[in-house]
Amino acid sequence: MTATITLDDRVARRLREQNPGLDVGPLEPLLGGHSGLTYKVRTGDGDLVVKAVPEGQRPIGRHDMLRQARIMETLGATAVPVPRIVAVDESGPAWFAMECVAGESLEPVLDTPPVEPAVAAARMRRAATVLPLLHAVPVDTIPDAGDPLSPGAELARWQRTLDAVPPELVGGGGELLRLLAADLPEALPPTLVHGDYRLGNILAQDTEPAALIDWEIWSLGDPRVELGWFLVFADGANFPGVGREVPGLPSEDELIALYTGDGPELRDMNWFNALGRLKMAAIMGHNLRRHREGRHHDPDQERLPDTISQLIRGGTALLA
């Protein structure tokens with residue numbers, strides 16, 4: 001009988017093919033991720049992070065590890081800070097290994113432990129200046145990009161998410177959708193968008209961004225969608241009951257100005273700011289629904305209703 005080749009075996013074999021005699025330790029699961037399997041592995045050349053398609057899962061969407069590896073390999077030649085890809089194995093289940101970048105990735109208004117306010121403010125300002133580097137990557141250099149999402153297509157996508165949530169969990173969400181649909185902005189030329197750009201996905205060393213991580217949902221789209229999402233996390237008042245207000249964080253206007261620099265003023269940012277709030281309300285409503293239906297028991301989800309209401313109110317006020 002042929003012995004089963006484990007992921008540990010495959011990773012060690014590939015790394016030693018590239019570096020004969022390399023000392024490779026066992027895979028250590030890293031918890032907290034939501035796509036694929038994530039491990040840390042210690043080697044004689046330093047620690048690596050391995051991401052793999054779960055056994056039995058199709059390598060699509062969030063589980064498409066090769067697509068994640070390719071975009072990081074592409075960005076390795078740019079000014080966008082990303083982990084260096086060390087190895088890629090396309091045989092199923094696919095996996096890739098990247099350098100383990102030292103740093104802290106915490107959302108100041110949400111995560112524990114709290115970030116010292118001055119450090120949080122400096123990180124947020126730096127993130128606002130890194131984002132245009134990402135959006136400046138030439139689209140014709142990006143592999144597996146797919147069709148870009150227009151603002152209307154983005155709104156339709158999140159309407160489907162919101163429509164799957166019982167209306168009583170997202171009160172006012174329908175009116176916010178109506179306001180957004182009634183005034184769709186004209187799309188800007190599409191750019192590369194990370195899909196979840198925020199400090200919680202940026203490894204920072206003190207105040208400097210060392211690596212933008214978690215590339216599961218990258219795509220091409222309107223850059224203002226990404227900026228609007230980033231702004232949701234700039235104010236703890238958006239998250240009553242689940243977050244905190246951090247004194248001294250830059251205002252939304254300052255962050256937009258840092259993003260644009262000497263470039264032209266961005267049109268319709270209230271619309272994209274409101275869309276960001278709708279997206280977060282839809283995600284939280286979905287999570288609360290799953291908890292209440294017993295599909296994913298998590299009593300912390302019962303802290304979400306006030307935040308969902310605040311996000312919807314805030315988005316509606318931006319468009320009123």
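## Exercises: salt bridges and one helix

In this predicted model, the side chains of arginine 70 and aspartate 144 come together in a salt bridge, at 2.8 Å from N to O. Let's start from that pair.

**Exercise 1.** Work out which parts of the chain the arginine 70–aspartate 144 pair links, and how exposed each partner is.

*Solution.*
- Step 1: place the partners. Arginine 70 sits in helix H2 (residues 65–75), while aspartate 144 is in the loop between helix H3 (117–135) and H4.
- Step 2: check the separation. The two are 74 residues apart, so this pair links distant parts of the chain.
- Step 3: look at exposure. Arginine 70 has a relative accessible area of 29%, so it is partly exposed. Aspartate 144, at 40%, counts as partly exposed too.

**Exercise 2.** Take the salt bridge between glutamate 104 and arginine 123 and find what it ties together, then say whether each partner is buried or partly exposed.

*Solution.*
- Step 1: get the distance. The closest N and O atoms are 2.9 Å apart.
- Step 2: place the partners. Glutamate 104 lies in the loop between strand E5 (95–99) and H3, and arginine 123 is in helix H3, so the bridge ties together parts 19 residues apart in sequence.
- Step 3: apply the cut-off. Buried means under 20% relative accessible area. Arginine 123, at 9%, is therefore buried, whereas glutamate 104, at 32%, is partly exposed.

**Exercise 3.** Do the same for aspartate 89 and arginine 14, then find the network they belong to.

*Solution.*
- Step 1: the side chains meet in a salt bridge at 3.9 Å, N to O. The cut-off is 4 Å, so the pair counts.
- Step 2: aspartate 89 belongs to strand E4 (residues 85–89) and arginine 14 to helix H1 (residues 7–18), 75 residues apart.
- Step 3: aspartate 89 is buried, with 7% relative accessible area; arginine 14 is partly exposed at 24%.
- Step 4: follow the shared partners. Salt bridges join Arg10, Arg14, Glu17 and Asp89 into one network. The whole structure has 22 salt bridges.

**Exercise 4.** Find the buried side of helix H4 and what it packs against.

*Solution.*
- Step 1: H4 (residues 151–163) has 13 residues and reaches 18 Å between its first and last C-alpha, close to the 18 Å expected.
- Step 2: its buried residues are Pro151, Glu154, Leu155, Trp158 and Leu162. They cover an arc of only 95° around the axis, so they lie on the same side of H4.
- Step 3: the face turned away from that side carries exposed Arg160 and Asp163.
- Step 4: the buried residues pack against helices H5 (173–182), H6 (223–232) and H8 (269–292).

Conventions:
Residues numbered from 1 in each chain as written. Predicted model: local features only at pLDDT ≥ 70, side-chain atom pairs only at ≥ 80, totals over all residues. Heavy atoms only, no water. Helix = DSSP H or I, 4+ residues; strand = E, 2+ residues; numbered from the N terminus. Expected span 1.5 Å × (residues − 1). Buried < 20%, exposed > 50% of the residue type's maximum accessible area, 1.4 Å probe, protein only. Arc of directions from axis to C-beta. Contact = heavy atoms within 4.5 Å.
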